[in-house]
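Q: Please take a close look at one helix and the charged pairs it makes. Which partners does it have, and how accessible are they?

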Amino acid sequence: MTAPTITLQQLGWDDAWRRQASAYAEDGVPGRVARVDRGICSVLTQEGVVRASWGAELLDAVGADPVLTPCTGDWGIVKHWPDGPTTVEAVLPRRTSVVRATAVGTSVGQVLAANLDVVAVVAALHPEPNLSRIERLLTLAWQSGARPMVTLTKADLVGDADLVAEDVRAAAPGAEVVRCSTVTGAGIDFVRRAIGPHGTLALLGASGHGKSSLTNALVGAEVLTVRAIRADGKGRHTSVRRELLPLPGGGCVIDTPGLRGVGLQQADSGLAAAFPDVVALAAACRFTDCTHQHEPECAVLRAVETGELGVRRLESWLRLQREADWMATRSDARLRAEQHEKWKQLSKQHRTPRRAHP
Ligand SMILES: Nc1nc2c(ncn2[C@@H]2O[C@H](COP(=O)(O)OP(=O)(O)O)[C@@H](O)[C@H]2O)c(=O)[nH]1
Ligand SMILES: [Mg+2]
Ligand SMILES: [Zn+2]
């Protein structure tokens with residue numbers, strides 16, 4: 001369903017990427033990963049879409065660090081081998097990426113999408129959006145390095161969209177908040193302009209909030225199945241694949257379906273950017289290690305008392321902060337375990353069998 005005349009530039013290819021690519025396989029061609037299914041990538045190249053498995057060097061790199069697993073939005077070098085197969089030989093270093101914590105018990109992150117210019121948190125206006133959930137996703141969006149945005153969907157379903165949008169703005173300082181509707185078309189042009197002719201937009205949000213509908217509106221065609229629940233509750237069509245879709249006129253959009261829980265991975269800079277109001281207040285606390293829960297002369301608690309800072313927002317920040325701290329401890333623990341393992345290997349090597357002395 002890809003238009004035949006898409007150029008790499010329309011997908012975001014530029015001189016800086018070209019320079020980086022020149023360091024890799026000369027007989028390869030650049031391409032952008034549109035989707036990944038069980039180790040096979042669909043890559044958009046100058047010649048169209050190619051299906052590629054992973055090259056030997058890439059497999060080694062992934063073995064050493066799973067974060068290097070190719071993902072939607074990556075730029076890679078694709079090679080056609082004379083004997084048939086097509087492989088991704090290398091993935092160019094990501095400029096930005098949305099990373100979430102994977103299953104409990106590991107501290108390895110999962111890259112949801114790479115090389116994004118804008119990351120939009122998608123939340124429906126009806127039923128009323130969950131502000132703390134928006135703050136969590138915004139933390140991820142800020143941490144990605146891309147420009148965060150909030151798209152409030154289904155604006156046609158509510159009469160007080162303005163009021164709700166104001167509440168969301170207070171929970172999203174520094175991010176653009178846009179009301180849109182795929183029914184009336186409101187806000188779609190605004191999102192389209194934010195992407196620009198070479199940009200990439202990723203959509204983050206729970207299922208049912210209108211990500212696929214928004215994607216279809218941007219693409220101008222039914223490229224994704226919009227969830228339809230039959231009266232008997234069966235027959236849901238929800239894709240679970242992350243997919244990069246080129247837009248008419250340039251730029252692309254990545255839908256990230258199937259996000260239930262979104263745990264934070266590394267989130268220091270993301271949290272600071274998502275909560276600049278709390279960070280500024282915290283700087284005025286008496287104790288530098290203030291936990292903002294019971295300490296005297298706590299500027300954050302004082303702001304809650306005066307109504308300058310909402311209790312909900314403070315609790316949301318404390319919760320995310322605790323989670324990020326916990327993840328940081330876990331990754332420290334992983335580092336220590338890895339170092340211990342290396343040390344064991346080394347000492348094994350040096351423990352050469354000694355000849356028994358008589
Ligand atoms: N009224 C209205 N319904 C919408 C809008 N956008 C999406 N929907 C509906 O919300 C449901 C979920 O939409 P979908 O795009 O599949 O959400 P996704 O799970 O986030 O991809 C579907 O029934 C859509 O028809 C909108 O702007 N207005
Ligand atoms: Mg969907
Ligand atoms: Zn404090």
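A: The following account concerns helix H3 and its links to helix H10. The model is predicted, so local features need pLDDT of at least 70 and side-chain atom pairs count only at pLDDT 80 or more, whereas totals for chains, interfaces and linings use all residues. Residues are numbered from 1 along each chain as its sequence is written, chains are lettered from A and ligands numbered from 1 in the order in which they are written, and side-chain values use heavy atoms, leaving out hydrogens and water.

Helices (DSSP runs of H or I, at least four residues) and strands (E, at least two) are numbered from the N terminus. Across the whole structure there are 16 salt bridges, each a side-chain nitrogen of Lys or Arg within 4 Å of a carboxyl oxygen of Asp or Glu.

In one of them, Glu135 pairs with Arg312, with 2.9 Å between the closest N and O atoms. Because Glu135 belongs to H3 and Arg312 to H10, this pair ties together parts 177 residues apart in sequence. Glu135 is buried at 1% relative accessible area, while Arg312 is partly exposed at 33%; buried means under 20%, exposed over 50%, and partly exposed in between (1.4 Å probe, protein chains only).

Arg136 forms a salt bridge with Glu323, whose closest N and O atoms are 2.8 Å apart. Here too H3 is linked to H10, across 187 residues. Arg136 is buried at 18% relative accessibility, and Glu323 is partly exposed at 22%.
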